[in-house]
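Q: Please take a close look at one part of this structure, and then follow the chain outward from there. A connected account in prose would be preferred.

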Amino acid sequence: MTMISLGKATITRVEETYLPTYPAKQIFPEWSEEINARHAHWLAPHHYEPNGGLIKLSVHSWVLKIGGKTILIDSCCGNAKIKPGRPFWTNLNTDYPERLAAAGARVDEIDLVMCTHLHHDHVGWNTLQRDGKWVPTFPNARYVFSKPDFEAFHALDKDPEEGPAEMGTFRECVLPIVEAGRADLVTGPHRLDETIEIIPAPGHSPGHVVFRLTSGSEEALFIGDVFHHLLQVFYPHWNFPKNSDAEEARVSRRKVLGLAASSGALVCPGHVGAPFAGRIETDAAGFVPRFG
Ligand SMILES: [Zn+2]
């Protein structure tokens, strides 16, 4: 587990899973052997499994400590959840709470849980089942959710034809937090405190947001699923499947990449492989990732 120091903050990645998953060509229709050859020197082994032609994806949280607060950013898939079409994240049985504790963030030490968006793989540990009821996993935390995301998934969840939203995780991992009065629903742009700003970056989900941390002259951007893979830094028009609005996702990706490049911020995505965080630079051709 690597702890990154940034200004007065520390940032630690807590892994839930890190696996070769879907065929690259299935995820990215633009994928070609020519592109594979051009990027082969960095793709394997951290971002691509050449034997199966599979892209590697991590599912992890970021633990941010700043100003005496312990903040959990995105809460992964959770254990024992059945996710049709997602075999890599179905029926998990990980020791994620112990991993959090090893990162200096026991469940009772977390002050704030912030979700970049409300997809199933970002809300999973928000709640636990106790006596047949879904209750907050983090007994002392408030939760920050995007209001436009909450409203969109709530509407979907209530629709008898479309619901339950996000394979049931909306009503298991999001709604009980709001009903317990533990959630702050925010609409960006919004300044949470002197160090954290919430920036809208919709398209992957209707209310997807990015968290921007500033400490002294240092910055970090927790970008969730603005991009899933470093190939999308070179090719920002490449979308990952499951966007609420594909064109909006492209606009947000370019906007966030531009912000990362101009600010020099440390970029902490939700699914990119090792070393999991890095910087964005530009050259004549466009954006270039500097991850490790
Ligand atoms: Zn995700």
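A: D121 and D225 are both buried in this model, which is a predicted one. These two residues serve as donors to the zinc ion, each through an OD atom, and they are joined in that role by H122 and H271, each of which contributes NE2. The coordination distances run from 2.1 to 2.2 Å.

Along the chain, the donors of the zinc ion are spaced as D-H-x102-D-x45-H. The pair D121 and D225 thus links distant parts of the chain, being 104 residues apart. D121 is in the loop between β6 (112-114) and β7 (127-130), whereas D225 is in the loop between β14 (218-224) and α6 (231-234). The geometry of the site is irregular, as the angles among the 4 donor atoms extend from 85 to 166°. The upper value matters here because four donors count as tetrahedral if all angles lie between 85 and 135 degrees. For reference, the ideal angle for four tetrahedral donors is 109.5 degrees.

From the metal site, the account turns to helix α4 and its surroundings. Helix α4 comprises the 12 residues 147-158. Its end C-alpha atoms lie 16 Å apart, which agrees with the 16 Å that the helix should span at 1.5 Å a residue. D149, F150, F153 and D157 are the buried residues of α4. They cover an arc of only 95° around the axis, so they sit on the same side of α4. In general, an α-helix has 3.6 residues a turn, so residues three or four places apart point the same way. The partners of the buried residues of α4 are β9 (142-146), α5 (169-179) and β10 (183-186).

At its N-terminal end, α4 is capped by S146, a side-chain oxygen of which lies 3.2 Å from the backbone nitrogen of D149. G207 also belongs to this neighbourhood: not counting residues up to four places away in sequence, G207 touches S146 and D149, as well as T116 and P148. The C-alpha atoms of G207 and D149 are separated by 4.2 Å, although their positions lie 58 residues apart along the chain. G207 is in the loop between β12 (196-200) and β13, and its relative accessible area of 5% means that G207 is buried.

Between α4 and α5 runs a loop that holds M167. M167 is not a glycine, yet its phi is positive, at about 55°. With a relative accessible area of 26%, M167 is partly exposed. In α5 itself, the buried residues are T169, F170, C173, V174, L175, P176 and I177. They pack against α4, and also against β7, β8 (133-136), β9 and β10. Just after α5, G181 takes a positive phi of about 75°.

Strand β13 (residues 209-215) contains R212. R212 is buried, because its relative accessible area is 17% and the limit for that class is under 20%. The side chain of R212 makes a polar contact of 2.8 Å with the side chain of E219. Leaving aside neighbours within four places in sequence, R212 also has contacts that include I199, A220, L259 and S263. I199 is touched as well by K255, together with P200, when residues up to four places away in sequence are not counted. K255 is found in helix α7 (residues 246-263) and, at 43% relative accessibility, counts as partly exposed.

The loop between β15 (266-269) and β16 (279-283) contains P275, and F276 is placed in that loop too. The peptide bond from A274 to P275 is cis, with omega near 5°. F276 has a positive phi, near 75°, despite being a residue other than glycine. F276 is buried, with a relative accessible area of 13%. Another cis peptide bond joins A44 and P45, with omega of about 0°; P45 lies in the loop between α2 (33-43) and β3 (48-49). As background to these details, most residues other than glycine have a negative phi, and most peptide bonds are trans.

Definitions and conventions
Residues are numbered from 1 along each chain as its sequence is written. This is a predicted model: local features need pLDDT of at least 70, side-chain atom pairs count only at pLDDT 80 or more; totals for chains, interfaces and linings use all residues. Side-chain values use heavy atoms; hydrogens and water are left out. Helices (H or I, at least four residues) and strands (E, at least two) are DSSP runs, numbered from the N terminus. The expected span of a helix is 1.5 Å times one less than its number of residues. Buried means under 20% relative accessible area, exposed over 50%, partly exposed in between (1.4 Å probe, protein chains only). The arc is that of the directions from the helix axis to the C-beta atoms. Contact means heavy atoms within 4.5 Å. A polar contact is a pair of N or O atoms within 3.5 Å; within protein, one must be able to donate a hydrogen and the other to accept it, and residues adjacent in sequence count only if both atoms are side-chain atoms. Donors are N, O and S atoms within 2.8 Å of the metal (3.2 Å for Na, K and Ca); water is not among the atoms, so sites may look incomplete. Four donors count as tetrahedral if all angles lie between 85 and 135 degrees; four count as square planar and six as octahedral if opposite donors are over 155 degrees apart and all others between 65 and 115; anything else is irregular.
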